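Work through the exercises below with the sequence and the model open side by side. Each task is followed by a solution in steps.

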Amino acid sequence: MARRGKKKGRPVNGWLILDKPAGMGSTEAVSKIKWLFKAEKAGHAGTLDPLASGMLPIALGDATKTVPFVMDGAKVYRFTVAWGEERSTDDLEGPVTKTSDKRPSEEDIRQLLPRYTGIIMQTPPQFSAIKIGGERAYDLAREGETVELAAREIEVGRLDLVSFDGEKAVFEIECGKGTYVRSLARDMGRDLGCYGHIADLRRTEVYPFTPEQFVELPALEKAAETAHSEAADFSGLDAFLLDIATALEGLPEIAVNDDAAARIRLGNPVIVRGRDAPAEAPEAWASARGRLVALGMVEAGMFKPKRVFGA
């Protein structure tokens, strides 16, 4: 007798821009969304700390093939630094490790900001997902080990002081991949001689997505009531999804006809046509009738597919 295969879920494809609530881990959020949509496959584009809230782009189905393009995008955070205490986790979760009665002035803070703008070196927090010898740094730190992490190069496009009340300062930062805002709070506190830690953290943007595309969990749960009922109507849920190609903003789009699309889906290169079409592009995407056909590159006037998408 043939064994019955495990039910895989719906072949639903697209991006969901979740406004993750504080207290929920990124992996937990992805599992929740996958369950709500009954999706075959899901993943996120950039971990957001459990204590943080805000933008967590979640890819469903074929959208997972475009995750690297979102991971590399610039991110914007609004965060609050509380002065006078340094904590083991560099946020409210960990115990206090150092204290100071000193408090910075607004002028002290503003003079410090240029030091944290541009290409800088940053040491990640001990409680991070970075792997050391095959184990996550936060697992080693929780076991009491002293974790030594090497400083790495990051890029900060801008760092602005939004408000300051003497005890806390609110900042907004636009930064590149691999930036730890918790480390920024720790390092600024040390440079100011007063210590500091993150008291609140919210991610407001992950390029190319915008705050206008936010979807809150209660709205999804409400729509899921119909989807999970006998009616099994997922149209309300699916309406929250963005097209897969939304993640590819900024990459050259190569428009092709149906015949060329069919050849591309078989893995074959096609001639790039059109007056404005690039002759060379290390990364590009092909579309037919406005729908994503493949990711690839343009070389010597030919589009060469690397990853193809269903019709």
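The exercises that follow concern a predicted model.

**Exercise 1. Determine how strand β1 is placed and which strands it pairs with.**

Step 1. Strand β1 covers residues 14–20. Burial here means under 20% relative accessible area. Seven of the seven residues of β1 are buried, so the strand is largely enclosed by the rest of the structure.

Step 2. Sort the residues by direction. G14, L16, L18 and K20 point one way from β1, while W15, I17 and D19 point the other way. Residues on both sides are buried.

Step 3. Look for partners. β1 runs antiparallel to β3 (residues 53–60), and seven bridges join the two. Within β3, I58 is the bridge partner of L16. β1 runs parallel to β13 (residues 215–216), with two bridges; there, D19 is partnered by E216.

**Exercise 2. Identify the residues that touch the most other members of the largest nonpolar core, and list the contacts of I33.**

Step 1. The largest nonpolar core holds 49 residues. Those touching the most other members are I33, F37, F79, L159, F171, M188 and L220.

Step 2. Leave out residues up to four places away in sequence; I33 then touches L16, L18, I58, L60, L217 and L220. Of these, L16 and L18 point the same way from β1, and L16 and I58 are bridge partners.

Step 3. Another core, of 18 residues, lies apart from the largest one; A45, A59, L248 and L292 are among its members.

**Exercise 3. Decide whether helix α5 is enclosed or not, and state what follows it.**

Step 1. Helix α5 spans residues 181–191, and nine of its 11 residues are buried, so it is largely enclosed by the rest of the structure.

Step 2. The buried residues are V181, R182, S183, L184, A185, R186, D187, M188 and G189. M188 also appears among the residues with the most contacts to other members of the largest core.

Step 3. After α5 comes G193, which has a positive phi, near 70°.

**Exercise 4. Lay out the five-stranded open sheet and place helix α8 relative to it.**

Step 1. The strand order is β14-β16-β17-β18-β15, with mixed pairing. β14 (253–255) and β15 (270–271) are at the edges with a single partner strand each, so one side of each has no neighbour in the sheet.

Step 2. β17 (residues 291–299) and β18 (residues 302–308) run antiparallel and are joined by six bridges. L295 stands opposite R307 in β18.

Step 3. Helix α8 (residues 258–265) lies across β15, β16, β17 and β18, at about 75° to β17.

Definitions and conventions
Residues are numbered from 1 along each chain as its sequence is written. This is a predicted model: local features need pLDDT of at least 70, side-chain atom pairs count only at pLDDT 80 or more; totals for chains, interfaces and linings use all residues. Side-chain values use heavy atoms; hydrogens and water are left out. Two strands pair if DSSP finds at least two bridges between them. Helices (H or I, at least four residues) and strands (E, at least two) are DSSP runs, numbered from the N terminus. Contact means heavy atoms within 4.5 Å. Axes are lines fitted to C-alpha atoms, for helices over the stretch in contact, and angles run from 0 to 180 degrees between N-to-C directions. A nonpolar core is a set of buried Ala, Val, Leu, Ile, Met, Phe, Trp, Tyr and Cys residues joined through side-chain atoms within 4.5 Å. Buried means under 20% relative accessible area, exposed over 50%, partly exposed in between (1.4 Å probe, protein chains only).
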